[in-house]
Amino acid sequence: MNSIFLSFCIKRIWYICFYSTILFESMSCFGQHTFVVEGKINASDGQILLIPAIPSDSIDATLDIRSYSANITNGSFTIKGELGYPTYPFIFKFCSKDTCRYSSDFFVVREGTQMAEIDLKSPIPLVNNEIMKSYYDSYAYSNYKRLLKDITWLQTFSDSITAAYPTPELIPDSLANVCKLIKENHIERARVIENNTCSMKDRNYSFWYLYVHFYQRGIQPGYEYFLERYMSDSDIGRSFIGKILAAKLNEANIVGIGKKFPTNFEYKNLTSGKFEKINTEQGKYTLIDFWHSACGTCVEQLREYKKIYPEYSAKGFRIISVPGDWTGNLDRLDIALRKYKFPWPEYLDENRKITTAINIIAYPANFLVDSSGTIIKKDLEPEEIIRFLDKNL
């Protein structure tokens, strides 16, 4: 534990020095940047909320980015406010009768006045400042709109299949496989769209796109590459905010692809009750999966792993799963473990102290490591794991 504490102290000292060197630079950016959003929405009344897509305190405490609200009158609203930075990402929420019925994709607000149009049937708001116009004119945006239509169609198709059969077990394999293949295609298209968006000419939008997705999902392959490009050829990349993102990506990359998975932490073994370090070097490949009992997607993925585990574990594949439940939810975790009886080791990270330390900020999260403990892939869907194991075992 002494080495962990020493490492923590060194990291904190580095951050104090880092922020001290750029504090003076930040002062020229911060201040009162007044903005106005004049909007129209296909609802006669209710309330519109303008909420930061990234809480300002998760970037830097000196930023002053607040949420705003406005009443809708005859389908129109006006929001006035101030930014602690010339541009910032927000989302819209529409609420009616004390219930929020709509949440938009993020968009970038800049100082000055901008018009906005909200269609409650689409997550994409149309905001007419020059930053957003560069996005709407891009190849990535047109592809994203097509993908949204295809995802909606697949959901309708899947719902019709579910309604036609009394239980999931009665659904023909042919229909289930069609849905599975289409979903895999959607995932791959989404990855291409993300790369296209991060490669846009106007770095003002693509920078915030990268930052919002990093905040929501953690570091992903390629993020360092894109940020390096922003730092070399855009003002926002070289700005105070850009340097903060660079520092956060560097810190988060402790569990990046090509790095050794950190094994210097002790988790509670839920079988023995003892605190142990997890061993990632006992199999040819080990999947380390972080989940919690209130995450439906997490549990569904674990159930999929359970189906394939007997076949591949005989060939050298291991799973270690780490529930990160809060102290107050441990009874629910115990019920889930008794119900599903997962046949691999479970190590508790109570209150997510370790996952926070290694910068896991979104669930589910998983890491595939080789026999040396090196991370070779991360955040895999069950279908991707199957394809990898079929090829490599």
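Me: How many helices and strands are there in the chain?
Reply: This is a predicted model, so everything here is computed from it. Going along the chain, you'd count 12 helices and 16 strands.

Me: Is the chain as compact as a globular protein of that length, or less compact, and what radius of gyration tells you?
Reply: The globule rule gives 21 Å for 393 residues. The chain comes close to that, so it is as compact as a globular protein of that length. Its C-alpha trace spans about 60 × 60 × 40 Å along the principal axes. The radius of gyration you asked for is 23 Å.

Me: What share of the 393 residues is buried?
Reply: Buried here means under 20% relative accessible area. The chain still exposes about 20,400 Å², with carbon and sulfur atoms supplying 54% of that area. As for the buried residues, they make up 46%.

Me: Among contacts between residues at least 6 apart in sequence, what percentage join residues at least 24 apart?
Reply: Start with the contacts in the chain between residues at least 6 apart in sequence. Then ask which of those join residues at least 24 apart, and you get 67%.

Me: Phe-77 and Phe-92 have paired rings, so are they stacked, tilted or edge-to-face?
Reply: Phe-77 sits in strand β4 and Phe-92 in strand β5, 15 residues apart. Both are buried: Phe-77 has 3% relative accessibility, and Phe-92 has a relative accessible area of 1%. The ring centres are 5.9 Å apart and the planes are at 80°, and planes over 60 degrees apart count as edge-to-face. So this pair, with its 80° angle, is edge-to-face.

Me: Which parts of the chain does the pair of Phe-261 and Phe-367 tie together, and how many residues apart are they?
Reply: These two rings form a tilted pair, 5.6 Å centre to centre with 55° between the planes. Phe-261 and Phe-367 are both buried. Phe-261 lies in the loop between α8 and β10, while Phe-367 is in strand β15, so the pair ties together parts whose separation in sequence is 106 residues.

Me: Which residues do ring pairs link into a cluster?
Reply: By the pairing rule, the count comes to 29 aromatic pairs. Some ring pairs join up into a cluster, and its members are Phe-35, Tyr-68, Tyr-85, Tyr-88, Phe-90, Phe-207, Trp-208, Tyr-211 and Tyr-230.

Me: Why are the buried residues of α10 on the same side, and what arc do they cover?
Reply: The buried residues in question are Leu-333, Ala-336, Leu-337 and Tyr-340. On the other side of α10, Asp-331, Ile-335, Arg-338 and Lys-339 are exposed. The buried ones are on the same side because the arc they cover around the axis is only 95°.

Me: What covers the buried residues of α10?
Reply: Picture helix α10 (residues 330–340), with residues such as Leu-333 buried. Just after the helix, Lys-341 takes a positive phi of about 50°. The cover for the buried residues includes β12, α9, β13 and β14.

Me: Which are the edge strands of the open sheet of 3 strands?
Reply: The order in this sheet is β11-β10-β14, and the pairing is antiparallel. β10 and β11 share 3 bridges, with Lys-268 partnered by Phe-275 in β11. An edge strand pairs on one side only, and the two that do so are β11 and β14.

Me: Which residues is Lys-277 in contact with, leaving aside its neighbours within four places in sequence?
Reply: Lys-277 has its place in strand β11. Its C-alpha atom is separated by 15 Å from that of Phe-290, which is 13 residues apart along the chain. The contacts of Lys-277 are Thr-263, Asn-264, Phe-265 and Glu-266.

Me: Do strands β1 and β8 pair in the parallel or antiparallel sense?
Reply: β8 also pairs with β9, over 2 bridges in the antiparallel sense. There, Glu-117 has Leu-126 as its bridge partner. With β1, the bridges include Ile-41 to Ile-118. Those strands pair over 7 bridges, and the sense is parallel.

Me: Is Ser-56 buried or exposed?
Reply: You'll find Ser-56 in the loop between β2 and β3. Beyond its neighbours within four places in sequence, it is in contact with Leu-63, Ile-65 and Tyr-88. Its relative accessibility is 12%, so Ser-56 counts as buried.

Note on methods: Residues numbered from 1 in each chain as written. Predicted model: local features only at pLDDT ≥ 70, side-chain atom pairs only at ≥ 80, totals over all residues. Heavy atoms only, no water. Phe/Tyr/Trp six-rings, centres within 6.5 Å; stacked < 30°, edge-to-face > 60°. Helix = DSSP H or I, 4+ residues; strand = E, 2+ residues; numbered from the N terminus. Buried < 20%, exposed > 50% of the residue type's maximum accessible area, 1.4 Å probe, protein only. Arc of directions from axis to C-beta. Contact = heavy atoms within 4.5 Å. Rg over C-alpha atoms; globule rule 2.2 N^0.38 Å. Areas by Shrake-Rupley, 256 points an atom, 1.4 Å probe, with all protein chains shown as cover. Pairing = 2+ DSSP bridges.
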